[in-house]
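Work through these exercises with the structure open beside you. Try each task before you read its solution.

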Amino acid sequence: MYVKIFVEGKQDREFLEVYLKYLGYSNAEILVCNGNVININIRSSIQEARDRGQKILVIFDSDDSCENTMERLIRESEELLSKSEIFLFPNNSQKGELETLLFAIAKEPQVCQCFEGYKTCISLYNPDYAKNIHKKSARYAYFEALGLLDEKKRKEAYSKVFDFDSLYLETLKGFLQKHC
């Protein structure tokens with residue numbers, strides 16, 4: 001069955017494209033929602049896909065609360081979605097985001113730890129500056145340190161720089177196996 005997967009952003013799509021390919025799934029289209037919200041346009045796309053008999057999945061960040069985000073997404077979808085169709089990064093039970101998952105499966109975790117040291121150093125200088133540094137910056141720094149700024153090279157290198165066989169990915173893998 002054809003699966004339509006809605007994700008927050010381009011980086012989520014990039015990761016899922018590579019991971020789905022790694023798992024051997026080629027029956028999915030990944031659509032970027034540009035945010036962690038099910039708005040009227042997304043609801044309309046979900047309804048259209050359902051009307052065509054397509055399976056719908058939503059993979060977003062849990063952010064500060066997995067439970068609250070899940071409930072909010074179901075409410076925003078006007079109950080077009082059920083819990084079983086939603087997966088929240090990093091592992092469908094903890095707060096976090098795609099970057100939390102990526103740092104947990106990074107094959108060069110010390111590079112990620114260096115970024116935390118950078119944030120600590122900035123915080124010592126001016127705590128307000130440190131508040132402006134987000135995990136997305138660390139993801140870019142990780143790829144940059146490994147020389148992977150070009151999108152094509154980065155996509156080709158994902159399985160070399162991230163452990164796709166990590167136990168941390170089991171929940172996501174199970175979710176995708178069930179639906180794809």
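**Exercise 1: Two unusual loop residues and a cis bond**

Task: Find the place of Asn 92 and describe its backbone and its cover.

Solution. Asn 92 sits in the loop between E4 and H4. Helices (H or I, at least four residues) and strands (E, at least two) are DSSP runs, numbered from the N terminus. This is a predicted model, in which local features need pLDDT of at least 70 and side-chain atom pairs count only at pLDDT 80 or more, while totals for chains, interfaces and linings use all residues. Residues are numbered from 1 along each chain as its sequence is written, and side-chain values use heavy atoms, with hydrogens and water left out.

Next, take the backbone. Phi of Asn 92 is near 70 degrees, a positive value in a residue other than glycine. Then take the cover. Asn 92 has 26% relative accessibility, so it counts as partly exposed. The classes are buried (under 20% relative accessible area), exposed (over 50%) and partly exposed (in between), with a 1.4 Å probe and protein chains only.

Task: Which peptide bond is cis, and where does Pro 90 lie?

Solution. The bond from Phe 89 to Pro 90 is cis, with omega near 15 degrees. Pro 90 belongs to the loop between strand E4 (86–89) and H4.

Task: Locate Asp 63 and give the sign of its phi.

Solution. Look in the loop between strand E3 (55–61) and helix H3 (66–76) for Asp 63. Its phi is near 55 degrees, a positive value in a residue other than glycine. Asp 63 has 31% relative accessibility, so it counts as partly exposed. Why note such cases? Most residues other than glycine have a negative phi, and most peptide bonds are trans.

**Exercise 2: The whole chain**

Task: How many helices and strands does the protein chain have, and in what pattern?

Solution. Count 9 helices and 4 strands. Along the sequence they follow the pattern β-α-β-α-β-α-β-α-α-α-α-α-α. The radius of gyration is 17 Å, close to the 16 Å that the globule rule gives for 180 residues, so the protein chain is as compact as a globular protein of that length. This radius is taken over C-alpha atoms, and the rule is 2.2 Å times the number of residues to the power 0.38. The C-alpha trace spans about 55 × 35 × 25 Å along its principal axes.

Task: What share of the residues is buried, and what share of the contacts links residues 24 or more positions apart?

Solution. Buried residues make up 43% of the 180 residues. Of the contacts with a separation of 6 or more, 74% join residues 24 or more positions apart. A contact means heavy atoms within 4.5 Å.

**Exercise 3: Strand E1**

Task: Is E1 enclosed or open, and what is its partner strand?

Solution. Start with the count: 5 of the 5 residues of E1 are buried, so the strand is largely enclosed by the rest of the structure. Now sort the sides. Val 3, Ile 5 and Val 7 point one way, Lys 4 and Phe 6 the other way, and all are buried. Finally, find the pairing. E1 and E2 pair in the parallel sense over 5 bridges. Two strands pair if DSSP finds at least two bridges between them. The bridge partner of Val 3 in E2 is Ala 28.

Task: Describe the surroundings of Lys 4.

Solution. Lys 4 lies in strand E1 (residues 3–7). At 10% relative accessibility, Lys 4 counts as buried. Leaving out residues up to four places away in sequence, Lys 4 touches residues including Glu 29, Leu 31, Ala 49 and Arg 52.

**Exercise 4: Buried residues elsewhere**

Task: Where is Ile 38, and what does it touch?

Solution. Ile 38 is in the loop between strand E2 (28–32) and helix H2 (40–51). It is buried, at 2% relative accessibility. Not counting residues up to four places away in sequence, its contacts include Arg 43, Ile 46, Val 58 and Phe 60.

Task: How many residues of helix H4 are buried?

Solution. In H4 (residues 98–105), 7 of the 8 residues are buried. Among them are Leu 98, Glu 99 and Phe 103.

Task: Place Val 161 and list some of its contacts.

Solution. Val 161 belongs to helix H8 (residues 151–161). At 9% relative accessibility, Val 161 is buried. Beyond its neighbours within four places in sequence, Val 161 is in contact with residues including Ile 105, Ala 106, Tyr 142 and Phe 143.
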